[in-house]
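Got your viewer open? Load the model below, switch on cartoon and sticks, and follow along from one selection to the next.

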Amino acid sequence: MTHKRAGAAGRRLAAFMISLAALGAAVAQSPLTNLKAVPKTLMPVVETELAFAAAARARGVRDSFIEYAAEDGLLFRRTAVNAREFWRKATPAPTGLLSWYPTYADVSRAGDVGWTTGPWEFREKPDDREASGHGHFVTVWRRQADGTFRFALDMGVRHSAPATPETTLTFPDSAKRGGPGGSEKEAETARAAIVAAEAEIAAASAATGSGRAVLARASEDLRLYRQDATPFVGKAAAAPALEKETSRLTFRLAGAGASRSADLGYTYGTYEAGGDAPGGHYMRIWKRQGGRWQIVLEVTNPIPPPPKSN
């Protein structure tokens, strides 16, 4: 082995050991009680989310987001922004403590695309006893060329403090089954099908209102996230909220992706309400169920007002 290769191998080993230490810290700090029940096919996604959270606690939000974002990973502020570039420009680094852990996760059969969601809380000072903010996050993960997972999309909502903490990580039965690796051609075909479904939603929203448009494509497992509301879990729980969303929103798709096994995908973009009503960002996670692409999660975020000038 050359010195150059030995050095590279040493760096990979060091990074691996650091990741193991971060994961151990995350598991110790997480209130989850059933991590041993997580299937092997799903565990790499869950472990990455836990290590991401542990890194934020140990080294701060800025460094952890730079490390765990894909090169083209996105955050949503007034516009969609490159996560690494955004946090590299964040000076001075934030000093508050952002903590989180996953309580639901899924992964494609090919193991190349996954997503996680769960509660987050923020403390202005790390040693504050009470959190000043609460909410739920959604992270879409993609496996990289080196086999690690890095996030493609990260979005969340804020809501009041939960009445009781979540202590169990749940997942669908499909996450227990790995499968053939698939191909880029299959991924592109799946992506095209999801984009077509997005066009149907946009047309239906313009005709009958956004809530009905989403319900028509919603899975029975739908999770609906709205600002200032605790998550609606299940189509039956989400339906009343969606039925109240009668505005004929204009959805503009900005990007989409799908797994090589053509069973899991995601989309993101913006919505406009017209007039003086604020627009915002949306993200949807799609799953192929019963031969049809259905929405298993939708999260929307109004665009914040511009900062006040001095």
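Start by selecting R252, which is partly exposed, with a relative accessible area of 43%; here buried means under 20% relative accessible area, exposed over 50%, and partly exposed in between (1.4 Å probe, protein chains only). Before you go further, note that this is a predicted model: local features need pLDDT of at least 70, side-chain atom pairs count only at pLDDT 80 or more, and totals for chains, interfaces and linings use all residues. Residues are numbered from 1 along each chain as its sequence is written, and side-chain values use heavy atoms, with hydrogens and water left out.

Now add E272, and show both side chains: R252 and E272 meet in a salt bridge (3.2 Å, N to O), meaning a side-chain nitrogen of Lys or Arg within 4 Å of a carboxyl oxygen of Asp or Glu. The pair links distant parts of the chain, with R252 in strand β10 (residues 250–258) and E272 in strand β11 (residues 264–272), 20 residues apart. E272 is partly exposed too, at 38% relative accessible area. Helices (H or I, at least four residues) and strands (E, at least two) are DSSP runs, numbered from the N terminus.

Next, go to E200 and R217. Their side chains form a salt bridge at 2.8 Å, N to O. This pair also links distant parts of the chain: E200 sits in helix α5, and R217 in the loop between α6 (210–216) and β8 (218–225), 17 residues apart. Which of these two is buried, and which partly exposed? E200 is partly exposed at 46%, while R217 is buried at 11%.

Stay on helix α5 (residues 184–208) and pick E188 and R191, which are 3 residues apart and so separated by about one helical turn. Their side chains meet in a salt bridge as well (3.8 Å, N to O). E188 has 43% relative accessibility and R191 has 31%.

For a bigger selection, take E198, R226, E245, R284 and E298 together: salt bridges link them in a network. The full count of salt bridges is 14.

Last stop: helix α2, residues 43–59. Of its 17 residues, 12 are buried, so the helix is largely enclosed by the rest of the structure. Colour the buried ones, among them M43, L50 and F52. Then click on G60, which follows α2 and has a positive phi, near 105°.

Now zoom out to the whole chain, with its 7 helices and 13 strands. Of its 310 residues, 48% count as buried.

Notes. The expected span of a helix is 1.5 Å times one less than its number of residues.
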